[in-house]
Amino acid sequence: MRIGLLGTGPWAQMAHAPALSGHPELDFVGVWGRRTAPTKELAGTYGVRAYDEVDALLADVDAVAVALPPAIQADLAARAARAGCHLLLDKPLAPTVEQGRTVVDAAADAGVASVVFFTTRFQPETAAWITEQAGADSWFTGRAQWLGAVFSGDDSPFADSPWRREKGALWDVGPHALSVLLPVLGDARRVTAAAHGPGDTVHLVLDHVSGASSTLTLSLTAPPAASGAAVELRGTAGVTLLPESTETAVSALTRAADALLAAARTGQPHPCDAAFGLRVTEILAEAETLLDEG
């Protein structure tokens, strides 16, 4: 499968480009970015073409991987789908429900496959745990803490990200927490509570269709010594914790590319497709409304 990369920022450099270049079943064709110099530099590093125009890249590939801010991703993903390209997307799918639905509709109309890269869903240890817990009965409650130090540490390459500054932890790490809780506890019937914490920290309470409830604590401003992710489930079977993973982002993204290839070949949607990404966006938007209302 011929694939192109949209985006040249830190995430494209750290994860996307090496994963696409090293994948045995992908032909990494080229890169498009919003700035000429970084585009040429990244393309030169991997010996691929630097594209000046998005449409020229879309015409040369079967799929695109997107490493861009959510609003730009949503617009270009819909454009790529209409051009017949399969979609390897990042989270969150879009910053609004309307934009997310446009991506889903465009992919469905074009009959292209989509996978949204929720990292935890593509790491072997955590993916296996999620599958195992989703098959268990009678979960009573879940608790997820996703605490980053992007804005409180000294060395994050994402500290100057404008969209993260604007949208905060809810939209950056909230998708990770939801990608674990939803397949285990079921869809969220509603966000029953949302409150601000220190910095960009937010606390959410969800009511799930299974009858279970969950709480989420999300932050990008945690003290570095307190940063990390944890998920705990409690039910009739006892207590279980999300295992830690030793996988790199490149390895996980390689598995996401595997999933896109499989979905494209079989026509069977992956559980982390754009439709799931849209559902996550809907929940985040509901929580954002509650937070804005105080």
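**Note on a six-stranded sheet and helix 10**

1. Start with a hairpin. Strand 8 and strand 9 form it, with five residues between them. Glycine 199 sits in the turn and has a positive phi of about 60°. Keep in mind that this is a predicted model.

2. How do strand 8 and strand 9 pair? They pair in the antiparallel sense, over seven bridges. Find alanine 194 and look across: leucine 204 in strand 9 stands opposite.

3. Next comes a second hairpin, formed by strand 9 and strand 10. Here four residues lie between the strands. The turn holds glycine 211, with a positive phi of about 100°. Strand 9 and strand 10 run antiparallel and are joined by six bridges. One pair to look up is valine 205 with its bridge partner in strand 10, threonine 215.

4. Strand 10 also has strand 7 as a partner. Strand 7 covers residues 139–147 and strand 10 covers residues 213–219. These two run parallel, and seven bridges join them. Leucine 147 has serine 219 of strand 10 as its bridge partner.

5. Now the whole sheet. It is open, has six strands, and follows the order 8-9-10-7-11-12. The pairing is mixed. Which strands stand at the edges? They are strand 8 (188–196) and strand 12 (238–241). Each has a single partner strand, so one side of each is left without a neighbour in the sheet. From one strand to the next, the twist averages 15°.

6. Helix 10, residues 274–293, packs on this sheet. The helix touches strand 8 and strand 9 (202–208). Its direction makes about 40° with that of strand 8. Strand 9 is mostly covered, with five of its seven residues buried.

7. Check the length of helix 10. The helix has 20 residues, and at 1.5 Å a residue they should span 28 Å. The end C-alpha atoms are 28 Å apart, so the two values agree. After the helix comes glycine 294, with a positive phi near 80°.

8. Which parts of the structure do the buried residues of helix 10 pack against? The partners are helix 5 (97–110), strand 6 (114–117), helix 7 (162–172), helix 8 (174–185), strand 8 and strand 9. Among the buried residues are Phe276, Val280, Ile283, Leu284, Ala287 and Leu291. In an α-helix there are 3.6 residues a turn, so residues three or four places apart point the same way. Try tracing that along the helix, from Phe276 to Leu291, both buried.

Notes:
Residues numbered from 1 in each chain as written. Predicted model: local features only at pLDDT ≥ 70, side-chain atom pairs only at ≥ 80, totals over all residues. Heavy atoms only, no water. Pairing = 2+ DSSP bridges. Axes fitted to C-alpha atoms, helices over the stretch in contact; angles between N-to-C directions. Contact = heavy atoms within 4.5 Å. Expected span 1.5 Å × (residues − 1). Buried < 20%, exposed > 50% of the residue type's maximum accessible area, 1.4 Å probe, protein only.
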